[in-house]
Amino acid sequence: MRSSAAIALSLTVLGVPAPQAMAQEIDFWAQDYGDLIAWQRTMKTFADEFKAESGIKVNYEQISWSVAFNRWLTAAQGGAAPDCADMFWLHSFSAIGGDQYGPMPLNEYRDTWPTLEADFYEGSLQDVNWSGDFYGIPWRGDVRPLIYRKDIAEEAGLEGAPQTWDDLVTFAKAMQGYDANGNVTRWGMALGPDTVTQGYVPFFWQAGGDFMTEDGRTATIDTEATRVALSYIRDLVWEHEVLNPDFMERSYSAEGDFPAGTVAMIASAAGPMAPSLSVDYPELDGKWALAIPAAGPEGRDAYAGSGYLGVLRGSDNVEECVQWISFLSRPENMQRLSEASGNVSPMREVMASEFWGDTDWKQVIQETMEYAHTSQHPTPVWNGLLSPEPGAVIYDMMYRAIVQQEDMDVVIADAQARMQSEMDRAFSE
């Protein structure tokens, strides 16, 4: 529920609180991260510190990730919402809520962070700016570097990490394993996380593609970039034979096969993979490594997402929320948020800290942040378009073009028409 704050006798200069006549309150939601009890304790500590400094009470509600998408979809459609929150998918939820519900632009408060562009990675700021408006401060990141079995690469006589698409093929062939009968025992290559459509996306970007126009109204996948990306992946399967033909099936799990040594390289590794390997597979210490994504014809784009701190339309406590966001986005507090949640920070100062530089893989994640490309798209139906399930536009396009090897031009034209139809319907409702 939204709370109505009492009117203060004197206004607070943002970031420098002045005495107030009575305690004000704001409602704040955040998803859960890491150890749930420890995370809740961290947020309570922040709320206590902020109240002592500003006189503003933060009513904190922890949201389970299992229900987060539906909670934010409901809020964007006019349902219950807090004053401010830890949010995600700004572009989609803004498109859904329009100028009535959901995320609220904070253009008039933009100067609260005068060095924003210098302080944060460019890719993360894509996640808080949409359609010319500024919505808040990114505080966590999910960027996906390449991961490979260093021990297998060294056994194959390879040095360093693959730098180009051609190198990916070279490495994959060299690291592929076979039994005495010629059956594959280890695949040289996998695209990305088990949500296979997300694994396709960086290849499309690296080929120079964009899924849609900036306003989210026109699909733009009937292009040469789509042909290049799909052809490259199809060749990985059928010409080079280094990518499992079953990579799109529900039972396939590259992330599970990698520590077992039955997949040697994943082009786009999910954010939690490296820390999980460090904790859960200590016997593999020194046997795997991260690297920045291999460059395609048009770049090294890395799939990335970012959670941000923002305000909800309809709040009566906007200035108080901005003070809270300003407090949380101080470098020392961004550091604490990153360490408590285990998430990469979009703030350069945090990523340059000892915490994010004490291992080789953390340093690679820091470097990969320079190539971060937001996974958001300004259409209410993006989640459905990219769903890793049969029936979703991108999935069906990939399956027909890569696995079934249908005519590329026909498949892409069909996908373009389907995508445009779904986007048109979203804006007409």
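Angles under 35 degrees count as roughly parallel, over 145 as roughly antiparallel, 65 to 115 as roughly perpendicular and the rest as oblique. The model here is predicted, so local features need pLDDT of at least 70 and side-chain atom pairs count only at pLDDT 80 or more, while totals for chains, interfaces and linings use all residues. Residues are numbered from 1 along each chain as its sequence is written, and side-chain values use heavy atoms, with hydrogens and water left out.

**Exercise 1. Classify how α8 and α9 are oriented, and list who touches whom.**

Step 1: get the elements. Helices (H or I, at least four residues) and strands (E, at least two) are DSSP runs, numbered from the N terminus. Here you want α8 (residues 196–206) and α9 (residues 224–238).

Step 2: get the angle. Axes are lines fitted to C-alpha atoms, for helices over the stretch in contact, and angles run from 0 to 180 degrees between N-to-C directions. These two axes come within 8 Å and cross at roughly 125°.

Step 3: classify. α8 and α9 are therefore oblique to each other.

Step 4: list the contact (heavy atoms within 4.5 Å). Tyr200, Phe203 and Phe204 of α8 meet Ala225, Thr226, Ala229, Leu230, Tyr232 and Ile233 of α9.

Step 5: sort by class. Ala, Val, Leu, Ile, Met, Phe, Trp, Tyr, Cys and Pro count as nonpolar, Asp, Glu, Lys and Arg as charged, and the others, Gly among them, as polar. That gives eight nonpolar, one polar and no charged residues for α8 with α9.

**Exercise 2. Do the orientation job for α18 against α9 and against α17.**

Step 1: α9 and α18 (residues 408–428) have axes that come within 11 Å and cross at roughly 125°. That makes α9 oblique to α18.

Step 2: on the α9 side, the contact uses Thr226, Arg227, Leu230, Ser231 and Arg234, and on the α18 side Met408, Asp409 and Ile412. The tally is three nonpolar, two polar and three charged residues.

Step 3: now α17 (residues 393–403), which packs with α18 at an angle of about 175°, the axes being 10 Å apart. So α17 and α18 are roughly antiparallel to each other.

Step 4: Val393, Asp396, Met397, Arg400 and Ala401 of α17 meet a set of α18 residues including Met408, Val411 and Glu422. By class, this contact has eight nonpolar, no polar and five charged residues.

**Exercise 3. Work out the strand order of the open three-stranded sheet, and what packs on it.**

Step 1: pair the strands; two strands pair if DSSP finds at least two bridges between them. β8 (residues 146–149) and β11 pair in the antiparallel sense over two bridges, and Tyr148 has Met265 as its bridge partner in β11.

Step 2: the order reads β11-β8-β12, with antiparallel pairing. β11 (265–266) and β12 (288–291) stand at the edges with a single partner strand each, so one side of each is left without a neighbour in the sheet.

Step 3: add the helix. α11 (residues 273–280) packs on the sheet and touches β8, β11 and β12, its direction making about 165° with that of β12.
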